[in-house]
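Visitor: Before we begin, could you take me through the terms used for this model and show how each one is justified?
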There are 2 protein chains.
Amino acid sequence: MSPSPGLRPTATLQAGLDLAEAVRGGDRLALSRLLSWIEDGDAEGREGLSALYGHGGNARRVGVTGPPGTGKSSLVNRLAKAFREGPGDSGAPTVGIVAVDPSSPFTGGAILGDRIRMTDLAGDPGVFIRSMASRGALGGLSRTTGDVVEALDAAGFDLLLIETVGAGQAEVDIARAAPTTIVVEAPGLGDEVQAIKAGLLEAADIIVVNKADLPGAENALRSLRTTIDIGFPSAKDRDLGTTWVPPVLATSALKGEGIPDLKGAIEQHWAYLDRSGEGQRRERRRLEGELLACLRDQSLARLNQSLPDGRLNQAVEDLLGRRRTPWRAAQELLAEDER
Amino acid sequence: MSPSPGLRPTATLQAGLDLAEAVRGGDRLALSRLLSWIEDGDAEGREGLSALYGHGGNARRVGVTGPPGTGKSSLVNRLAKAFREGPGDSGAPTVGIVAVDPSSPFTGGAILGDRIRMTDLAGDPGVFIRSMASRGALGGLSRTTGDVVEALDAAGFDLLLIETVGAGQAEVDIARAAPTTIVVEAPGLGDEVQAIKAGLLEAADIIVVNKADLPGAENALRSLRTTIDIGFPSAKDRDLGTTWVPPVLATSALKGEGIPDLKGAIEQHWAYLDRSGEGQRRERRRLEGELLACLRDQSLARLNQSLPDGRLNQAVEDLLGRRRTPWRAAQELLAEDER
């Protein structure tokens, strides 16, 4: 579909295309600019991503999530280094890190992220780090994160690590959009946190008890392994290559312990995704979800343009007067639009 | 708008209307059934809510959120009891509690919630408790929670306490949909949690340091008060009645300390919402958001019906082949639909 005629869209298209070419040529500054456009929701960002899109689809994507305080950032650092130091099964891939951080109007912008990481990975040209503040609507962030990941994929990075700080459902959904999801726990986070954990496990392909040098680590490992045994009664099928039982691993990101095993488990999961067809199925589900989200947004924008001025406000007035429910009001607006 | 003709919609409508009448008559079983219908997304639930809707709009709504481990559930229990024991400024209102809990396929259903609360509030006919599992899509949960709150409002409860376990953005959004939002903290949750806190404060009308009997409580109070002082430089305007500076209060839900002050702060916030017009503004924003969400969903459903069979699947195939971005594919589908 070509953009509408007129000066501005054409200029926009050209800017996006120029940037896309520079990104493919390895220009890091161009990549940063494209990601900013994407984060701002600019039309240039969409054009650039669209031009790059066909080059993507080759990166391995790994999501990392879990409750606050489990040391996810340090673990992601260690993993990035381990993969960079290769060779392992996968050579020495270039690594992109996308960190979705909480933000605050009090402190301004992302809180964790670059600041903490720079010490470890600075100076390695094969690593690119992008922190994204979770300011604003979470649905929007999830979409934007997806586009940023696509852009890094198309830019040619071999491995993408997507880390979310916090473990709300939306953050979990973001990490889960990756075909390989690591859920990070730590010993001694208290009872209510244990309950949250159970909800998280559903999303896990690999479970890590980080800070395994702390007291309580053995208990945490045992309890998680028991939970997995109960949840996967057919764990014996594991060797058949058609099912995957999430391994429970111990690491200490601080001391650098357990990292090679974690790297090995990730590579095994990739092999499982490929041979079972599950990787393709997950990719299809993810793309369906993205398409539906775009359709929702664009349908709404289209409706908004076609309704008479003030009609939406009038509907809100009706809601304030409790004369109808939002669901009913939406039905009416759509019926009017169809006439 | 009347439902389409035919047996099933009419039966649905009648079931919803019967239930709505029973709910208005104080039938708790009918209320529970209606809430289940709403949670399941059934048409009966929509009809029932629609019939009840005009009776609502009278309840005070208070959202309670904060990181795991801060004792929110116990605090909500204490608050409910304090309001029930009135009289205070507000007499002895009936109280509905909606607890949005994480759920897990391993443990089955909501984890916290009723189980913990029953001991405290059991036997009080003026209290109704509903736990909602956060299984499935979070956007959906947020909408469903809103509808459950509407139903309790229309059923005649005077005070609605909406508590979210976990502090991801989506959970915060749910608590924030209430015009009065309490953010609960606790001493000694570690550094990363402190960072999350900062993001939460944005949503707070009242800040509570619970577990104030633990070491570190004084530090937490001081640091939160400093943050608020920095965030609200014009705190002197407080007495003018046109601004609200979130108070920072200490409580111990375990020992029952600080609860009257918290109740007083909530009542002051209600007075502020009323006299400043901010309550009305927040209600309008909330309803606008709900209307847009319903429009998004219904537009998508309508499009889905009008597209030829298999057209959506074909679009997903194009995405898998990376022949276009989801955004572009959505544009094309909508353009075809318009022709």
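What follows is a conversation about salt bridges, burial, helix packing and aromatic pairs.

Guide: This is a predicted model, in which local features need pLDDT of at least 70 and side-chain atom pairs count only at pLDDT 80 or more, whereas totals for chains, interfaces and linings use all residues. Residues are numbered from 1 along each chain as its sequence is written, chains are lettered from A and ligands numbered from 1 in the order in which they are written, and side-chain values use heavy atoms, with hydrogens and water left out.

Visitor: Why is the contact of Arg60(A) with Asp274(A) called a salt bridge?

Guide: The term requires a side-chain nitrogen of Lys or Arg within 4 Å of a carboxyl oxygen of Asp or Glu. In Arg60(A) and Asp274(A) the closest N and O atoms are 2.6 Å apart, so the pair qualifies. Arg60(A) belongs to strand β1 (residues 60–65) of chain A and Asp274(A) to helix α10 (residues 259–276) of chain A, so the pair links distant parts of the chain, 214 residues apart; helices (H or I, at least four residues) and strands (E, at least two) are DSSP runs, numbered from the N terminus. By the salt-bridge rule, the count over all chains comes to 46.

Visitor: What makes Arg282(A) partly exposed and Asp205(A) buried?

Guide: Buried means under 20% relative accessible area, exposed over 50%, and partly exposed in between, with a 1.4 Å probe and protein chains only. Arg282(A) has a relative accessible area of 23%, so it is partly exposed, while Asp205(A), at 5%, counts as buried. The side chains of Arg282(A) and Asp205(A) meet in a salt bridge of 3.1 Å, N to O. Because Arg282(A) lies in helix α11 (residues 278–306) of chain A and Asp205(A) in the loop between α8 (191–201) and β6 (206–209) of chain A, the pair ties together parts that are 77 residues apart in sequence.

Visitor: How do you know that Arg286(A) and Glu290(A) are separated by about one helical turn?

Guide: Arg286(A) and Glu290(A) are four residues apart in helix α11 of chain A, and therefore about one helical turn separates them. Their side chains form a salt bridge at 3.0 Å, N to O. Arg286(A), at 12% relative accessibility, is buried, and so is Glu290(A), at 16%. Both residues belong to a network of salt bridges whose members include Arg61(A), Glu150(A) and, from chain B, Arg322(B).

Visitor: What describes the packing of α11(A) with helix α12 of chain B?

Guide: Two packed helices are described by the angle between their axes and the distance between the axes. The axes of α11(A) and helix α12 (residues 311–320) of chain B come within 9 Å and cross at roughly 115°; such axes are lines fitted to C-alpha atoms, for helices over the stretch in contact, and angles run from 0 to 180 degrees between N-to-C directions. Among the residues that meet, with contact taken as heavy atoms within 4.5 Å, are Leu287(A) and Leu291(A) in α11(A) and Val316(B) and Leu319(B) in α12(B).

Visitor: What makes Thr181(A) buried?

Guide: Thr181(A) has a relative accessible area of 1%, which is under 20%, so the residue is buried. Thr181(A) lies in strand β5 (residues 180–185) of chain A, and the residues it touches, not counting those up to four places away in sequence, include Gly63(A), Thr65(A) and Asp205(A).

Visitor: Why is the aromatic pair of Phe128(A) and Phe157(A) called tilted?

Guide: Rings of Phe, Tyr and Trp (its six-membered ring) pair if their centres lie within 6.5 Å, and planes under 30 degrees apart count as stacked, over 60 as edge-to-face and the rest as tilted. The rings of Phe128(A) and Phe157(A) are 5.9 Å apart, centre to centre, with 40° between the planes, so they form a tilted pair. Phe128(A) is buried, with a relative accessible area of 8%, and Phe157(A), at 6%, is buried as well. In chain B, the rings of Phe128(B) and Phe157(B) have their centres 5.9 Å apart and their planes at 40°, so that pair is tilted too. A search of the whole structure finds six aromatic pairs over all chains.

Visitor: How do you know that Glu47(B) is buried?

Guide: Glu47(B), found in helix α3 (residues 43–52) of chain B, has 13% relative accessibility and therefore counts as buried. Among the residues that Glu47(B) touches, not counting residues up to four places away in sequence, are Arg328(A) and Thr12(B).
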